[in-house]
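I opened this notebook to keep track of what I looked up, one entry at a time. The entries follow the order in which I turned to each part.

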2 protein chains.
Amino acid sequence: MPSALETPLSGNLLLRALRVPDRALLEPHLELKPYRRGEVLFEAGVDVSHISFPLGPCVAALVIGLQDGRAVETATVGHEGAIGGVVSQGLLPAFSRAVVQVPGSVLRVEAAVLQQIKQTSPGLRNLMTRYSDCLLAQVLQSVACNASHTIEARCSRWLLSLQDRLGSEVLPITHEVLAELLGVQRSYLTRTLRTLQEQGLIQVRRGRIIIESRPLMEAAACECHGAVKRHFETVLGAVYNASGTLVSLRPVPAEGPPMSQAV
Amino acid sequence: MPSALETPLSGNLLLRALRVPDRALLEPHLELKPYRRGEVLFEAGVDVSHISFPLGPCVAALVIGLQDGRAVETATVGHEGAIGGVVSQGLLPAFSRAVVQVPGSVLRVEAAVLQQIKQTSPGLRNLMTRYSDCLLAQVLQSVACNASHTIEARCSRWLLSLQDRLGSEVLPITHEVLAELLGVQRSYLTRTLRTLQEQGLIQVRRGRIIIESRPLMEAAACECHGAVKRHFETVLGAVYNASGTLVSLRPVPAEGPPMSQAV
DNA sequence: GGCTGTCTGTACACAAGTGCACAGATGCTC
DNA sequence: GAGCATCTGTGCACTTGTGTACAGACAGCC
């Protein structure tokens, strides 16, 4: 199986950013697991047994369930990151649920094993800490965003960030689901999307939304999209191609004395 | 000065939860620093040099500044926690600004020094990891909260969480400031507070809000307040007194073999 | 005790978003 | 290629919250 993982492993940018020896430590413990849309990686309140690195197009969301039955998205994680005990270091009960939004596979490792390996690998430790900080940044920005930006702007932001992760203009999502994630009314979201379509930003199809003009979308979206992206750049050295898609992270540098910082 | 710190140190619940030897490691490096209302602990984009443990009534907020000049609160930190590079482990640029809402003192330590001590103290490491998880939980819940709850509910939640930290019914805050933190219109917040007052939940005074009936407040607030509180209980063993005030955290247990979890 | 700056109360026109209901379109399955 | 479940479009009454403006109240200061 290790040989079969050779290719998949490069489908996650965090794993790809690791140096070869660190990757070698992790590789024997990685398990490939496919997920369908809507599948749950872990439930809120349950101990997180594994940490998962989404591959290729796979995108999951951290979701908070509310008493009235709604379930609002708090963070999106794709092939640029990891999900499950990233901050809690595993083995603490999860506060949120993790749900697959775009189907695909993940590479996962037992939380305890990852902790073990981190002990011996400063590079891995450093990388995971940096990613944690980016995840937090994303969430912090969303708090402010949800408090102050219009649904049109938030919706645009969300679509852009999905495109960043997928690298495709065709975003497989229904109004229903997107409205739930944003915590807004479905009928109003439909109207909003219609407006965006009339302005030539997107095309609306059944079950998918097609980005027509990324520049216009970026103008319609709030600053939050850019702010988070910039933090990914400075902290993880994220690299984006011309069309805004996230293509790689800065490789973890070789160990040196001044590395003690982000242990 | 170490002797002068003897008492202050117990004014922060995280520090108080540490075992004596761990505390001893930290103590010589702690510096007492007073802050006034509105003072900035660190700015967004700047490297965080220190990590601060608020004492007694001191409360700070993580704030995201928006392009239109507004500055919305994303998290509140009082004597139950710490602020500055908690997740990023210091020495990464801060994503948010930290502003003092209720004046008081903090004990602070250089980020690099704290990292150093963590290397040798599993207890401290474990505690900080748990606190990080609680901080994230608080922020995750706020994303969902801001997306779906009314201003009245959010305002009530906020007042309750300040009371938890202060342990007093008199909350020193103006409508102006609270409206900004919640990301809402000042005039509408005044109306909301008026409504709460007419229902006997609070009393409104110039520059302060007095909680009249905590039970009624809890009914008016959204579930988010309770959800975060419960996570603090399970993860940090937070203990609340009859009137809802946070009084202590579970002491860090003695080291044992099964401790490897939250390294 | 009067002045002054800040904070609070309220009014009003308006925009944004909800909640619900139902018609119509689309894609998939058999 | 007909049927069906799901998704999308739209209408309408209503609530929540914005934006702006201004009057009055409070507390601290000299």
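Entry one, a helix and its end. I was working with a predicted model, and I began with helix 7 of chain B, residues 175-182, where I found B:His175, B:Leu178, B:Ala179, B:Leu181 and B:Leu182 to be buried. Looking down the axis of helix 7 of chain B, I saw that its buried residues fall within an arc of 160 degrees, so they line one face of the helix. I noted beside this that an α-helix has 3.6 residues a turn, so residues three or four places apart point the same way. Just after helix 7 of chain B, I came to B:Gly183, which takes a positive phi of about 75 degrees.

Entry two, the DNA. Which residues are the closest to DNA strand C? I listed A:Arg206, B:Arg186, B:Arg194, B:Arg206 and B:Gly207, out of 19 residues that surround the strand. Of the atoms of DNA strand C that come within 4 Å of the protein, 58% belong to sugar and phosphate.

I then looked up single atom pairs. A backbone N or O atom of B:Arg205 lies 3.3 Å from a phosphate oxygen of DNA strand C, and a backbone N or O atom of B:Gly207 lies 2.8 Å from a phosphate oxygen of that strand. For B:Arg206 I found a side-chain N or O atom 2.3 Å from a base oxygen of DNA strand C. The elements that give two or more residues to the surface near DNA strand C are helix 8 (186-198) of chain A and helix 8 (186-198) of chain B. Helix 8 of chain B gives the most, with five residues. Sorting that surface by class, I wrote down three nonpolar, eight polar and eight charged residues.

Entry three, two helices of chain B. I took helix 6 (residues 151-166) and helix 10 (residues 224-236) of chain B, whose axes come within 9 Å and cross at roughly 35 degrees. From helix 6 of chain B, B:Arg157, B:Leu160, B:Ser161 and B:Asp164 meet B:Cys224, B:His225, B:Val228 and B:Lys229 of helix 10 of chain B. I divided the residues of this contact into three nonpolar, two polar and three charged.

Entry four, one histidine. Is B:His231, a residue of helix 10 of chain B, buried or exposed? B:His231 has a relative accessible area of 6%, so I recorded this residue as buried, the cut-off being under 20%. Leaving aside neighbours within four places in sequence, I found B:His231 in contact with A:Pro93 and A:Phe95 of chain A, and with B:Asp133, B:Cys134, B:Ala137 and B:Leu236 of chain B.

Terms used: Residues numbered from 1 in each chain as written. Chains lettered and ligands numbered in written order. Predicted model: local features only at pLDDT ≥ 70, side-chain atom pairs only at ≥ 80, totals over all residues. Heavy atoms only, no water. Buried < 20%, exposed > 50% of the residue type's maximum accessible area, 1.4 Å probe, protein only. Arc of directions from axis to C-beta. Near = heavy atom within 4 Å. Polar contact = N/O pair within 3.5 Å; in protein donor to acceptor, adjacent residues only side chain to side chain. Nonpolar A, V, L, I, M, F, W, Y, C, P; charged D, E, K, R; others polar. Axes fitted to C-alpha atoms, helices over the stretch in contact; angles between N-to-C directions. Contact = heavy atoms within 4.5 Å.
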